[in-house]
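Visitor: I would like a close look at a single part of this protein, and then a walk outward from there to the rest of the chain. Could you take me through it?

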Amino acid sequence: MRRILMLFAFVVCNHAVFAQSYGVLEGIVKDKTTQEALAGITIILEGTSLGTVTDADGAFNIKSIPPKTYNVKIQSLDYKPVTIYNVVITSGNSQVLNIELEQNNVALKEVVVKTNPFQKNPETPLSVQSLSAQEIKSNPGGNFDISRVIQAFPGVSGTSGSVGGYRNDLVIRGGAPNENVYYLDGIEVPVINHFATQGSAGGPTGIVNISFIDDVTLYTSAFPAKYDNPLSGVLQMKQRRANAEKIQSNVRLSATEFAVTADGPVSKNLSFLASARRSYLQLLFKALQIPIQPSYWDFQYKVDYKINKKLSFYTLAIGAIDKFGFLTPDKLTPENIYILKSNPTINQWSYTNGYGLKGLMNKGYWNLTFSRNMLNNELNKFEDNQNPVESQRILKINSREGETKLRFEWNKYYRKWSYSFGAMVQNDEFSNSIYNRLQAELKDANGNIIQPSVIIAANTSLSMVRYGAYGQVATSLFADRLNLSLGLRMDGNTFTTDGNNLVKTFSPRLAASLLLMDKLKFNASVGRYYKLPPYTVLGYQSSGIYINQAAQYISSDHIVGGFEYLPWAGGRATLEGFYKIYGNYPVSSIDGISLANKGGDFNVLGNEPVTSNGKGRVYGIEFQFQQKLTKNLYTILSYTYFKSEFTNVGGIYKPASWDNGHLLSFIGGYKFKRNYELGVKFRYQGGAPYTPFDMAASQRNYLSTGSAVYDYSQFNTQRLGAFHSMDVRVDKKWNYKKWTLDLYIDITNFYASVQPQYPKYTFARTADNTTFQTTDGQPIKSDGSNAVPLILNETKPVVVPTIGFIVEF
């Protein structure tokens, strides 16, 4: 740590004097409802005399800007004013903005229209949060990862906290990680993490390159009807425009990865964004003698083509290649043995490739998108992962998911009314070859079977068509004091028993927003949402029969209400209460546990027989205060209290695996002179529940499965301690004539907090650490009866300092 700080100080104090440098701000301004380019819109850099107006194509360009951070004001008599906060100008790359303005439907004599950076659609007047690209990039401990950053939002937690791991599983308002959907520029991206848990989507690190992100919006309820399959959250990511004047690039190097990006024009109407990233965690872990060896690549691109003023086309792709293996460390500690025996090797790749066509029409626009996504997942696990022997195989999965999607959206606006409708159809393909030894056969000294083997073995393939349609209407009344929205959606499929019965997926939703007084609103919504179980559940076969073909769509009814207060420019406070009721949740027929409690590890969610009789309920209250950049300071403070409970096979409500109870988060940053920036993030999560081990069964099975056996009669009766941690980040930028250097130090767990972990079951080692310790001094028996059980409770604090740099040119 001391060496890293000395290196940073040395670089800061010994940089050369350079010539005066300037930056560029450019972008396009559009009407939010019609997507038409707006001419004559005033663009001003707050606190300066710099500004311009948009041209006939809605474009603007401001040059010769001294590098630093600005708030940008956008004004017009016919549109509501907007302020874009925390816009960082550098000499290396042009800052490109894509701005959308809402029409001012209220006469100026009736009310003074004030700038509001938190404007929302009438379809979703509450339970929605957003972050700009700069807020994501400068997030301490975020590692340029969208999934980690949004855990600062109210109601959002993750398994990087007090649930025993460091992953990106997004747990939103007590729902399972697989209850969320993800969109990139209108294209659904099912896999947004490396080493994704099939059927659940979580993983240890994100795929999306934040250098291309313009903003991120998270919906935690009141979902617009155009989105299918969400129960807890919709994460919508919008990419920025490419530089319209020249090709520009940036390179990022840190202790764990190397990334390069480029964007710019190909011709007047054609532009591109492209990036690639390579990790070298395996080299770092080898040097530190950590047994796991993760390695990944990811790629991303987007091409935009403006056909004419009314028609535009784009194509994008995002993909990843992941490998996860092991090395044998010099010292086989109990902790290392546990890691080597409990995890599978992973060979995984995924991609999403999409094409979009947008057409403008009178008072509206339409979107047509076509996309293809695939996930290939191979897992292998042996009793001895270092010396794999086929007869000692525990797990083998070779699985592939593919989706081909066509979506159409039509949006029309007339006076104070908005109308939208659309439809989607997709062809889904799933294949799966699985061998999973849940329990090995054990015999006594006389050869009598004392424990039969339990094995899941199947080869399956599944093909089906999914389809859906929606409609939504919204209006504003009483001089924009009351906004109302009504949406309807229905979905079906050709595989499940009741899949074509659209009445069973009839999904209404109603939202309202009432201006009680100046700066204070009351918002409310009620809705029913549905999700099809994952392919790993639907495709499960036994003796050639689809065991789970009668599975139902999972349902979730949401009731949400709360207040929104805008005390001053750039400030916002919200207080919301929520209640969610689940139905038809799949419950495992093997262990009797609801799938709502699974999916937070590196295995696969599903691949087992289920029944659709599980229920759930989540209720709570959340508060957030956000201050956009004002006087060099920005903050986000949120607190959530909630209860999350689901039923298992007995029908009795039990605490869910994600039932942390309390979530507290603070993110703050300060912009100093000379392009220094300090960021601080603090998180607190109440202890997550867990199930104790069945000690006798665990001792019998540990050697043959590499895992403990849980005592589900005491499901989630124990709790971890609370989790709390602080991350700190310091950035310093140097702007040269044609390039910029950003040097940063990011320290995760700054004050060395002890982070609770799930207990881990293993066997004790001998004093010389050469083999397992036994009670009789003899070699360990296959049933572990002479082993010495050891429960690992990790209590050592881990501080992770990272130094890296970003070069823009």
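**A close look at helix α7**

Guide: Happy to. In α7, the buried residues are Ala697, Ser698, Gln699, Asn701, Tyr702, Leu703, Ser704 and Thr705. Please keep in mind that this is a predicted model. The helix runs over residues 695-705 and is mostly covered, with 8 of its 11 residues buried. Just after α7 comes Gly706, which takes a positive phi of about 75°.

Tyr702, one of the buried residues of α7, also belongs to an aromatic cluster, together with Phe693, Tyr710, Tyr712, Phe715, Tyr761, Phe763 and Phe772. For the protein, the count comes to 30 aromatic pairs. One of them is Tyr219 with Tyr227: the ring centres are 6.2 Å apart and the planes stand at 50°, so the pair is tilted. Both Tyr219 and Tyr227 are buried.

Before the helix in sequence, let us stop at Ala688, in the loop between β40 (676-685) and β41 (689-690). Ala688 has a relative accessible area of 0%, so it counts as buried. Its C-alpha is 22 Å from that of Gly650, and the two are 38 residues apart in sequence.

Leu502 offers another loop to look at, the one between β29 (482-493) and β30 (507-517). With a relative accessible area of 26%, Leu502 is partly exposed. Leaving aside residues up to four places away in sequence, Leu502 touches Tyr467, Met490, Asp491 and Gly492. For Asp491, the C-alpha to C-alpha distance to Leu502 is 6.2 Å, at a sequence separation of 11 residues.

Now for some backbone angles you may want to inspect. Most residues other than glycine have a negative phi. Arg415 is not a glycine, yet its phi is positive, about 55°. Arg415 sits in the loop between β24 (393-414) and β25 (417-439), and its relative accessible area of 71% makes it exposed. Ser543 is a further residue other than glycine with a positive phi, near 55°. Its loop lies between β32 (541-542) and β33 (545-546). Ser543 has 75% relative accessibility and so counts as exposed.

Stepping back to the whole protein, there are 7 helices and 47 strands. The radius of gyration is 27 Å, close to the 28 Å that the globule rule gives for 809 residues, so the protein is as compact as a globular protein of that length. The C-alpha trace spans about 95 × 70 × 50 Å along its principal axes.

Burial can be read at this scale too: 56% of the 809 residues are buried. Among contacts with a separation of 6 or more, 67% come from residues 24 or more positions apart. The accessible surface comes to about 32800 Å², and carbon and sulfur atoms account for 59% of that surface. As for charge, there are 80 positive and 64 negative charges, and their mean positions are 5 Å apart.

To return to where we began, α7 is a mostly covered helix, and its Tyr702 is part of the aromatic cluster that includes Phe693 and Tyr710.

Note on methods
Residues numbered from 1 in each chain as written. Predicted model: local features only at pLDDT ≥ 70, side-chain atom pairs only at ≥ 80, totals over all residues. Heavy atoms only, no water. Helix = DSSP H or I, 4+ residues; strand = E, 2+ residues; numbered from the N terminus. Rg over C-alpha atoms; globule rule 2.2 N^0.38 Å. Buried < 20%, exposed > 50% of the residue type's maximum accessible area, 1.4 Å probe, protein only. Contact = heavy atoms within 4.5 Å. Areas by Shrake-Rupley, 256 points an atom, 1.4 Å probe, with all protein chains shown as cover. Lys, Arg positive; Asp, Glu negative; His and termini not counted. Charge placed at Lys NZ, Arg CZ, Asp CG, Glu CD. Phe/Tyr/Trp six-rings, centres within 6.5 Å; stacked < 30°, edge-to-face > 60°.
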